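Me: I am new to this structure and would like to learn how to read it. Please show it to me before I ask about its features.

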Amino acid sequence: MPLTDTVTTDEDLVRSRLRDLLAEHDPASTPAVEFLGARFDAGLAWVSFPVGLGGLGLSPDLQGLVERELRAVDAPNEADRNVIGYGMAAPTVLTHGTEEQRARYLRPLFTCEEVWCQLFSEPGAGSDVAGLATRAVRDGDEWVVNGQKVWTTLAHTSSWGLLVARTDPDVPKHRGLTYFIVDMHAPGVDVRPLRQITGEAEFNEVFFTDVRIPDSNRLDAVGAGWRVATTTLMNERVAIGGGVVARSSGPIHEALRIWKDKADKTSTQRDRLMELWVESEVARLTNMRARALRTAGTPGPEGSVAKLVGAELNKHVYEFCVDLMGMTGTLFPTHYEMRRPDRAVFSGGADPRHTFLRSRANSIEGGTSEIMRNILGERVLGLPGEPRMDKDRAWSEVPRS
Ligand SMILES: Cc1cc2nc3c(=O)[nH]c(=O)nc-3n(C[C@H](O)[C@H](O)[C@H](O)COP(=O)(O)OP(=O)(O)OC[C@H]3O[C@@H](n4cnc5c(N)ncnc54)[C@H](O)[C@@H]3O)c2cc1C
């Protein structure tokens, strides 16, 4: 791409890169992979990432400008196909990866040639993910992994998984974990669908039987898995709840649409709509403020505010939508067929009755609302922490079911 960057401000730089990108790659006719690759090379994937790694080293606040301008011309966007790649894997690889790992993984992640999933939760470890039991044992230059993960979104379309495994059972739980990038097509990886309330199987259970991972696919140091996982989790909360949409768009737009089309409206429903509109606007402005303060890397506790508020609000808005629809709100829109979607949409994008059912997961996925309240109580309000009896005991000595 020719550099026409005779610019004075960061915003000018972004605008100039956008102009060049669109001049050379017609968004209407360029295949998605090619367009996204060119966008990455122009530093417009994530403007806060370093130059050469999809970014321009600028404030993440300028990302909104890129997204708005590219949406306005209907440019290819595959983010829904790789929600975990974009929201969690990219910042985790950036923060903890080696130069080789960053150069290897970020570009195909952004073009969606390689989709990612997150292998944290287990049947016996969800909220208490640090208590997980999947084992990785070193064997020369490789690690041998055995165990089971669960609720793994898009594992069935993924090339790579973000895996946290126990490498030392004889130290307290947070200290015995190591973080790996696992090839989802390696021998011994078995992905089985789990059907949700919507009828679909967006997520899966994943079994590991003697799966071999090269040590070069380890992210950060042996035993540093919890630190790396924290980067993933903090970014996950922002990815789920921290998006900044235009005023009156997103879920509240759906409620407004149904309200406008409805013949028999009551003043109680109007009051409820106004309450939800105000709450949506407050959440939107809070997310804008949080985004303006954010720098590249690991977000702070504002991610937990966004996650908590966004999840509860989505649920309330879609409850209101099906209430407004009356009897038709109780009818499922399709034949409730079992599908394995190739994208995960946390909110909206489908019939409101489908989204109403999907929204029930919002206060569980990415950490439950109870856990978000615990985090905010302890880390933001400075309230006393929960009693943690297993904090200083070796993981192997802690009883588990
Ligand atoms: C749609 C969806 C997609 C998901 N995708 C993924 C994924 O891609 N990868 C992945 O690894 N995981 C994924 N998950 C799993 C998710 O992260 C866990 O379900 C979540 O962390 C809760 O864990 P759990 O289900 O084991 O419930 P538990 O931890 O057993 O919790 C059960 C209940 O107890 C409450 N509770 C637990 N501990 C406390 C506490 N200390 N204080 C107060 N209340 C508490 C919880 O809030 C909850 O109500 C997904 C979940 C859903 C619903």
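Me: At what angle do helix α9 and helix α10 pack, and how far apart are their axes?

Reply: Two packed helices are described by the angle between their axes and the distance between the axes. This is a predicted model, where local features need pLDDT of at least 70 and side-chain atom pairs count only at pLDDT 80 or more, while totals for chains, interfaces and linings use all residues. Residues are numbered from 1 along each chain as its sequence is written. Helices are DSSP runs (H or I, at least four residues), as are strands (E, at least two), numbered from the N terminus. Axes are lines fitted to C-alpha atoms, for helices over the stretch in contact, and angles run from 0 to 180 degrees between N-to-C directions. Here α9 (residues 302–324) packs with α10 (residues 352–359) at about 145°, their axes 9 Å apart.

Me: Which residues make the contact between α9 and α10?

Reply: Two residues are in contact if their C-beta atoms, placed from the backbone, lie within 7 Å. From α9 they include Asn-314 and Tyr-318, and from α10 they include Arg-353 and Phe-356.

Me: Where does the ligand lie with respect to domain 2 and domain 3?

Reply: Domain bounds come from an automatic or database domain assignment. The ligand lies between domain 2 (116–223) and domain 3 (229–380), because both give residues to the shell around the ligand. That assignment also gives domain 1 (10–110). The centres of domains 2 and 3, taken over C-alpha atoms, are 28 Å apart, and 18 residues of domain 2 are in contact with 16 residues of domain 3.

Me: How many residues surround the ligand?

Reply: A residue counts as near a molecule if its C-beta atom, placed from the backbone, lies within 6 Å of it. There are 20 around the ligand, and Phe-120 and Glu-370 are among the closest. β1 (116–119) and α11 (369–380) are the elements that give two or more residues to this shell.
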